[in-house]
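Hi,

Here is the structure I promised to pass on to you. Have a look at it first, and then read on for what turned up.

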Amino acid sequence: GPSLIVPTRALTIQPNSFQTVPVALDTPPTAVTRVFATSSDTSVVTVDGPLLLRDTSLQVFTATHRGSGSAAITFRIESDAGANITYANVVLPAALTVAVTSLGPGFLLSASQLQVASGTPVTLTIGPDTIPDSRTELTVSIEQSGSFISISPSSFVFLQGVAGQSASMSISWIAPGHASLSLIARGGVYQGRHLASQVLVTALAPLAGP
């Protein structure tokens, strides 16, 4: 029988953003048909609507990020009742859903792996991947079992409402070994974000002499 076409069955939404959810009727309706979309968790994602569909062309809902987590969007159809009404009393399959993953805020890094040699510091650039909704403080810490590298500076401030912010830090060699960098953020949507082992750093052994 008549049903609803949902081409996109999975979405990933970045913080402070939205994605569209296209839908279309698979059969020309004989009356205006209303399509409703419902989020299983409105603290993760909300959906607008309903849509009024008069033909089989694609129309779109807007799914808006509300918080990190997972949710599902389900659909139902309402139409006028009566004889020869295409979508009267149509019940959509329960499996007709869109899986939504709403990401938590993170940081963009210029590299996930670095090598540093004695006497030759390397630079790492870092910045928020979404527009901060508050003044955001970021602290970078070194995870290592010994003293292999040093970093400077180790803390940064990103301003509220400014897109495309970035900052640079210098990583210097102390001794051969391996270390990783972790990020701890405070402020707004970044409050309490602890991102472990974001960058792996290899401090190279000095070259053997002639």
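**Salt bridges and their surroundings**

R34 and E78 join their side chains in a salt bridge, with 3.8 Å from N to O. R34 belongs to strand 4 (residues 33–39) and E78 to strand 8 (residues 69–79), so this pair ties together parts that lie 44 residues apart in sequence. Please keep in mind that this is a predicted model.

E78 also meets the side chain of R76 in a salt bridge, at 2.5 Å from N to O. Together, R34, R76 and E78 are linked in a network of salt bridges. How exposed are the members of this network? R34 counts as partly exposed because its relative accessibility is 24%. E78 is partly exposed too, with a relative accessible area of 30%, and R76 is likewise partly exposed, at 40%.

Away from that network, the side chains of R135 and E137 form a salt bridge of 2.8 Å, N to O. R135 has 46% relative accessibility and therefore counts as partly exposed; E137, at 28%, falls into the partly exposed class as well. The count for the model comes to four salt bridges.

**The open sheet**

Strands 4 and 8, which came up above, are part of an open sheet of five strands. Its order is 2-9-8-4-6, and the pairing is mixed. Which strands stand at the edges? Those are strand 2 (10–13) and strand 6 (51–53). Each has a single partner strand, so one side of each is left without a neighbour in the sheet. From one strand to the next, the twist averages 25°.

As a general reminder, strands of a sheet pair through backbone hydrogen bonds, either parallel or antiparallel. In this model, strand 2 and strand 9 (residues 97–102) run parallel and are joined by four bridges. If you want a spot to zoom in on, T12 has T101 in strand 9 as its bridge partner.

**A nonpolar patch**

Finally, there is something to look at on the surface. V157, L159 and V162 make a nonpolar patch of about 230 Å². Where does V157 sit? V157 is placed in strand 15, which covers residues 155–158. With a relative accessibility of 41%, V157 counts as partly exposed.

Happy to talk any of this through whenever it suits you.

Best wishes

Technical notes:
Residues numbered from 1 in each chain as written. Predicted model: local features only at pLDDT ≥ 70, side-chain atom pairs only at ≥ 80, totals over all residues. Heavy atoms only, no water. Patch = residues over 30% accessible without salt bridge, like charges linked within 9 Å, V, L, I, M, F, W, Y side chains within 5 Å. Areas by Shrake-Rupley, 256 points an atom, 1.4 Å probe, with all protein chains shown as cover. Helix = DSSP H or I, 4+ residues; strand = E, 2+ residues; numbered from the N terminus. Buried < 20%, exposed > 50% of the residue type's maximum accessible area, 1.4 Å probe, protein only. Pairing = 2+ DSSP bridges. Axes fitted to C-alpha atoms, helices over the stretch in contact; angles between N-to-C directions.
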